[in-house]
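Q: I would like to learn how to read a structural model with some care, taking one feature at a time. Could we go through this one together?

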Amino acid sequence: MSVSQTESIEDIKARNKALIAEVLEIYPEKTAKRRAKHINVHESGKSDCGVKSNLKSVPGVMTIRGCAYAGSKGVVWGPIKDMIHISHGPVGCGQYSWAARRNYYIGTTGIDTFVTLQYTSDFQEKDIVFGGDKKLHKIIDEIQELFPLNNGISIQSECPIGLIGDDIEAVSKVKSKEYGGKTIVPVRCEGFRGVSQSLGHHIANDAIRDWIFDKLPADQPPRFESTPYDVAIIGDYNIGGDAWSSRILLEEMGLRVIAQWSGDGTLAELEATPKAKLNVLHCYRSMNYISRHMEEKYGIPWCEYNFFGPSKIAESLRKIAGFFDDKIKEAAERVIAKYQPLMDAVIAKYRPRLEGKTVMLYVGGLRPRHVIGAYEDLGMEVVGTGYEFAHNDDYQRTAQHYVKDGTIIYDDVTGYEFEKFVEKVQPDLVGSGIKEKYVFQKMGVPFRQMHSWDYSGPYHGYDGFAIFARDMDMAINAPVWKMAQAPWKVVPKPTLLAAE
Amino acid sequence: MTQNADNVLDHFELFRGPEYQQMLANKQALFENRRDPAEVERIREWTKTPEYREANFAREALTVNPAKACQPLGAVFVAVGFEKTIPFVHGSQGCVAYYRSHFSRHFKEPTSCVSSSMTEDAAVFGGLNNMIDGLANTYSMYKPKMIAVSTTCMAEVIGDDLNAFIKTSKEKGSVPEEFDVPFAHTPAFVGSHITGYDNAMKGVLEHFWDGKARTVPALERVPNESINFLGGFDGYTVGNLREIKRIFDMMGVEYTILGDNSDVWDTPTDGEFRMYDGGTTLEEASNAVHAKATISMQEFCTEKTLPFIANHGHETVAFNHPVGVAGTDRFLMEVARITGKEIPEELTKERGRLVDAIADSSAHIHGKKFAIYGDPDMCLGLAAFLLELGAEPTHVLATNGNKAWAQKMQELFDSSPFGANCHVYPGKDLWHMRSLLFTEPVDFLIGNTYGKYLDRDTGTPLIRIGFPIFDRHHHHRRPVWGYQGGMNVLITILDKIFDTIDLNTNVPGKTDYSFDIIR
Ligand code: SF4
Ligand code: SF4
């Protein structure tokens, strides 16, 4: 299906540029100008992808982005399992995000663990008119009575909170005092703040800093003895168990993981993190803020890593080991060697079925670059990629370490643009979200959800790569795609773009 | 090593391997600061008690696991049911991402909807510019025939005036003057998704019938023989509307389905993405004013729309999501009465088949106790069906049910000897339901996907009927209305009953004397 193999790189670039110009024609002039800055054809050797990012979405274009509340409650806070996260405001936001992200955890749900419950203040008109602080007081009392084993509470602000002048910080302080210094965290992640989920990540990170780190009593005895090998996993939300299939590798190389941020994480783990010797950071976009803070305040170095696909995993294990002594470095080599036969077998099985297949991606803030290596391990090629809420530093990383010359880059893509790009480029696979999935499947293009792993996973680590490879094969080589056209309707395919 | 290439293990098997189990146990013991397991157990048991139930029901402020969503969701549901119409939700954009995801997870279909993407500056200055630019962009990109506007919390709290904004946008040339932009204010802090359905449907009809925001003369009603049909917010809309059309066609009824989203949420995979498909045409929406009567399948979804229509001189009739024999009888007889058409023999036969099926199976349902939760009308319809099966709808709960609904439900209980020990719970949530299931256990639970948590905690087998259904596929393609719909509901209930008996009788040498092959 792919057209790219037969063309030279210059042809591809020219074609992609023409395609972008064509797509932009649909817009009113002002919008075309704005959108043009977010789309580009990557030139190898450049330090970034040449697109603007982290700017307001254009109204009415069908952006795929979400909001700050989604970034805070949905991504950062929601997975912390022994705390109760109140969706503060009307019922909707909490309802739609209820248990939708597959942050796996172990615990007795509703008793000492609360990830897949939807706690909401269900604002009514009177709460909007008279303010919701009184209600919040009462909600916290009721939580304390009915869910006594919760270890903390966070208040995740929905749009109205910041507009009606509620003082959730004051309520948090009063209630914390009343309950013997209980951790109660107000988070100002109203959906209208910022331009996407991204500011919500930042606000959530800052809330951890201000309401957890800064409130740690200096004289609190540590819960465990430190070792020189203590690390924290930062920015892994344990989707389908990703953090678990990552943790196992770090532990096998002799490190000790003292905290997971935030998939399957607990308040105690957050509190213990300033004791880590190294923070290893997977999702840079959503948790670089707290990593930098810990570096400045506690002197903890941090190191980005990538656990998608054997090439990147081995590179990452060595990079992490580089922060430690020879014992760890040797153990890292042993881990890589141990899993080599499994990786060889996975690649032997799936690569012949996937070799040369092309992929277009559009995900959040990390995966549009991070998964490229895993596809390449399978002989596949990413021909277009873009982010919902990346910043320029993400596009720099993408340009310098991941994408190939001529790749189409699209930031905050619109429904229309994405459809047209896929229609014209005809990749063998699209990886994006639930809102996009069925659009492309209708077009007959194989698709995998790359936020939720399409209800599969884990995809991180060696164990996860086996599942990743199997899933990509299953998507692309499913017999269903041969049936999309009724036999009496099949017309000989035009030779695609060349003919245009 | 647990994983292997020949037989790739998924998450549900992988993490049961010994390495992972050891790893997770260490994590828990060393770093999580977990509560004492005995204490966890004690609290778990305590949550099952009548004392806990009392405290739980005394809640005044906290909502846990509600069975309702917010207004704009209902507005989007309505909008996509009109020909080439795109829903445009004015306010912050995150909400729209949620509505689209929510519907796509249920229908396994795309849901197109745009936002005016208001951010902090719009919170200060209002969202007029977002509306002006947004309408212009949507219009030129997606070439709709109509843009149906609703609002998120944000726009409502700052008080944006849709009527004025749309007018200004038209003046600024965002869309042509005569282009249809019906609107509805849909504040999420009032009512629920069914309120949003009501407001949005009324908004569309008002637009077409009452002079398009005073830009053209109001339509003059010239009564004809046609009837209008309103389905209400309905997770089975694809199957149900097709069934209703089949029934109307069999009867020879002239009809207009207002908000027909049965095609747009059931498009084929044939190489083409249809952003729009089917739907009530704008002409039909206008002409609907001339109908002799309007039928609403869900009274509580049309509390404002029906009186609005009645004010235009229609006879209006409301049902409560009829399921089963008597409910369908009433529905068909009303249609026959209004239209003067006869109920054809074929439908009488279908009725007979449903009665036949009930007769065959009733021994397995009779006397069984059920808990039901969902939208108000669906609860009424399902409870009525259970009563005619000789079952007891012991607990009926609707988070978005009001007093009038509770009263109606009570009247239904009172109408049947099987309703004697049944109770209705308006405005309660699924954490209340959890207490009910522990303190007054029932045999089966009927509800949407979230009910699986209640199934897990209380051991009450869940029969999935409702919205949303995320974790089972394609249920929305089957009707639950009409006699055939009743048949589907009956089979769904029976399957779960038999599966449950099998699960309880499958221990070899212990319980499997009852592991029968004939039932
Ligand atoms: S902000 Fe309001 S309108 Fe938006 S999803 Fe939340 S409750 Fe619904
Ligand atoms: S990996 Fe991407 S999609 Fe996931 S949390 Fe990070 S930024 Fe979001």
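**Reading the model**

A: Let us begin with a single residue: setting aside neighbours within four places in sequence, A:Ser286 is in contact (heavy atoms within 4.5 Å) with A:Val75, A:Val76, A:His201, A:Asn205 and A:Tyr237. This is a predicted model, in which local features need pLDDT of at least 70 and side-chain atom pairs count only at pLDDT 80 or more, while totals for chains, interfaces and linings use all residues. Residues are numbered from 1 along each chain as its sequence is written, chains are lettered from A and ligands numbered from 1 in the order in which they are written, and side-chain values use heavy atoms, with hydrogens and water left out.

Q: Where does A:Ser286 sit, and is A:Ser286 buried or exposed?

A: A:Ser286 belongs to helix α12 of chain A, residues 284–298, where helices (H or I, at least four residues) and strands (E, at least two) are DSSP runs, numbered from the N terminus. With a relative accessible area of 0%, A:Ser286 is buried, a term that means under 20% relative accessible area, against over 50% for exposed and partly exposed in between (1.4 Å probe, protein chains only). Other buried residues of α12(A) include A:Tyr284, A:Tyr289 and A:Met294, and just after this helix A:Gly299 takes a positive phi of about 70°.

Q: Which residues surround ligand 1, and how is their chemistry classed?

A: A residue is counted as near a molecule if one of its heavy atoms lies within 4 Å of it. The shell of ligand 1 includes A:Cys93, A:Tyr96, B:Cys70, B:Cys95 and B:Cys153, and because residues from chains A and B surround this ligand, the site is shared between chains. The elements that give two or more residues to this shell are α4 (92–96) of chain A and α6 (93–107) of chain B, and α4(A) gives the most, with 3 residues. By class the shell holds 9 nonpolar, 2 polar and no charged residues, where Ala, Val, Leu, Ile, Met, Phe, Trp, Tyr, Cys and Pro count as nonpolar, Asp, Glu, Lys and Arg as charged, and the others, Gly among them, as polar.

Q: What is found around ligand 2?

A: Among the residues around ligand 2 are A:Arg101, A:Cys283, A:Arg367 and A:His451, and by class this shell has 5 nonpolar, 3 polar and 2 charged residues.

Q: How many residues does each chain bring to the contact between chains A and B, and what area do they bury?

A: Buried area is the accessible area (1.4 Å probe) that two parts lose on being put together, summed over both. Here 105 residues of chain B and 122 residues of chain A take part, and the two chains bury about 9,400 Å² between them, 62% of it on carbon and sulfur atoms.

Q: Which polar contacts does the side chain of B:Gln3 make?

A: A polar contact is a pair of N or O atoms within 3.5 Å; within protein, one must be able to donate a hydrogen and the other to accept it, and residues adjacent in sequence count only if both atoms are side-chain atoms. The side chain of B:Gln3 reaches the backbone oxygen of A:Asp463 at 3.0 Å, and one of its polar atoms lies 2.7 Å from the backbone nitrogen of B:Leu9. B:Gln3 is buried, with a relative accessible area of 3%.
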